[in-house]
Amino acid sequence: MRLPPAILFDQSKDSPAPVPFSHATHVEHAKGRCLACHPEPYKMLHPLRRATHEEMDAGRSCGACHEGKTAFATTDGDRCDRCHGAEVRP
Amino acid sequence: MSVGLLFDATHCIGCEACSAACKEQNGLPLPVEPATTAYTWTVVESRAGLHLRRMCMHCLEPTCASVCPVGALAKTPEGPVTYDARKCIGCRYCIMACPFGVPKYQWDRAVPVVGKCLMCADRVRAGQATACATVCPTGATLFGERDALVATARARIAEQPDFYVDHVYGLEEAGGTSVLMLSSVPFEDLGLATRLPRQPLPLLTWEVLSKVPDFVALAGGLLYGLFWITKRREEVAAFERERDEKGQEEKGMP
């Protein structure tokens, strides 16, 4: 399967390490349904600007699922490494 | 040279990325409905163990365009059959005429228009692939020159003759379509119309419409003949009445 390659998000100055995003791992959770994330909240053809950590913590973008129940929370200050500096998978 | 799409049902995994990209590209409201509507221009159906896209087939000679009284639908030289909502008067002839049942109407609107896949005519004109082909993760939907896609389809069948159905759907259906399909199960099992005439359907309309001038001339001649006969009869009757009246006057004279 020709999934889009891993996205490596830009690192802001107070970020501990860059954050990679893998389609492969997320598509499994979505049971192979691209519609789970596209075209809302994530546009496929014309991606929107990156969300900030505050916006994600408030439930936007990644935070819509990474809120602690559906998936691990973006607010977990002890486990930054789950995203920042995580292994880059395709 | 015109472009088209090749959809290989055996490659499709039913992820619906095409539906999502279509919604985004055309600014259509979510959700993706289970069947095509005026707001959902392409869906992926599960039939006979395969996933199959439903969408406009973009006929080489589209019946919808041939019946449209205002020219809202048109076949572009690039390949897509486009629709101009500003011209549409809402007569819905296209919906009745389409051999694939593609155009759908906005039944929920006060001033409705028709909705159907436009094969991303704007993207195609700009030299880009359609949104659906761009995002398809398995290459089940391929965009390219139709001639090249026909060659690809034939090559796939030739490579695996026992796997594929020996037919490229859309090569000749309704005179040929810009969208081509491959399958490993009979196309009728996928719910596709398989008994379509091999010649373009607008030919049927043309055969009737081209006789209209002859019919008008013939009917005009016939009606004029009837008019001439009745007028002549009236003239004769009037002449006879006049003659009889004169005769009686002459008789009445002493």
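This briefing covers a strand sheet, a nonpolar surface patch and aromatic ring pairs. The structure is a predicted model. In chain B, three strands form an open sheet, and six residues, among them Leu203(B) and Phe215(B), make a nonpolar patch on the surface. Aromatic pairs number five over all chains.

**The sheet**

- The strand order of the open sheet in chain B is β8-β1-β9, and the pairing is mixed.
- Strands β8 (141-145) and β9 (179-182) of chain B lie at the edges, each pairing on one side only.
- From one strand to the next, the twist averages 25 degrees.
- Strand β1 of chain B, residues 3-8, is paired with β8(B) in the antiparallel sense over five bridges.
- Val3(B) has Glu145(B) in β8(B) as its bridge partner.

**The nonpolar patch**

- Leu203(B), Trp206(B), Leu209(B), Val212(B), Phe215(B) and Val216(B) make a nonpolar surface patch of about 630 Å².
- Helices α7 (202-209) and α8 (212-252) of chain B are the elements that give two or more residues to this patch.
- Leu209(B) has its place in helix α7 of chain B.

**Aromatic rings**

- The count of aromatic pairs over all chains comes to five.
- The ring planes of Tyr105(B) and Trp107(B) stand at 70 degrees with the centres 4.9 Å apart, so this pair is edge-to-face.
- Tyr105(B) has a relative accessible area of 10% and is therefore buried, whereas Trp107(B), at 63%, is exposed.
- Phe100(B), Tyr169(B) and Phe187(B) are linked into a cluster by ring pairs.

Note on methods
Residues numbered from 1 in each chain as written. Chains lettered and ligands numbered in written order. Predicted model: local features only at pLDDT ≥ 70, side-chain atom pairs only at ≥ 80, totals over all residues. Heavy atoms only, no water. Pairing = 2+ DSSP bridges. Helix = DSSP H or I, 4+ residues; strand = E, 2+ residues; numbered from the N terminus. Axes fitted to C-alpha atoms, helices over the stretch in contact; angles between N-to-C directions. Patch = residues over 30% accessible without salt bridge, like charges linked within 9 Å, V, L, I, M, F, W, Y side chains within 5 Å. Areas by Shrake-Rupley, 256 points an atom, 1.4 Å probe, with all protein chains shown as cover. Salt bridge = Lys/Arg side-chain N within 4 Å of Asp/Glu carboxyl O. Phe/Tyr/Trp six-rings, centres within 6.5 Å; stacked < 30°, edge-to-face > 60°. Buried < 20%, exposed > 50% of the residue type's maximum accessible area, 1.4 Å probe, protein only.
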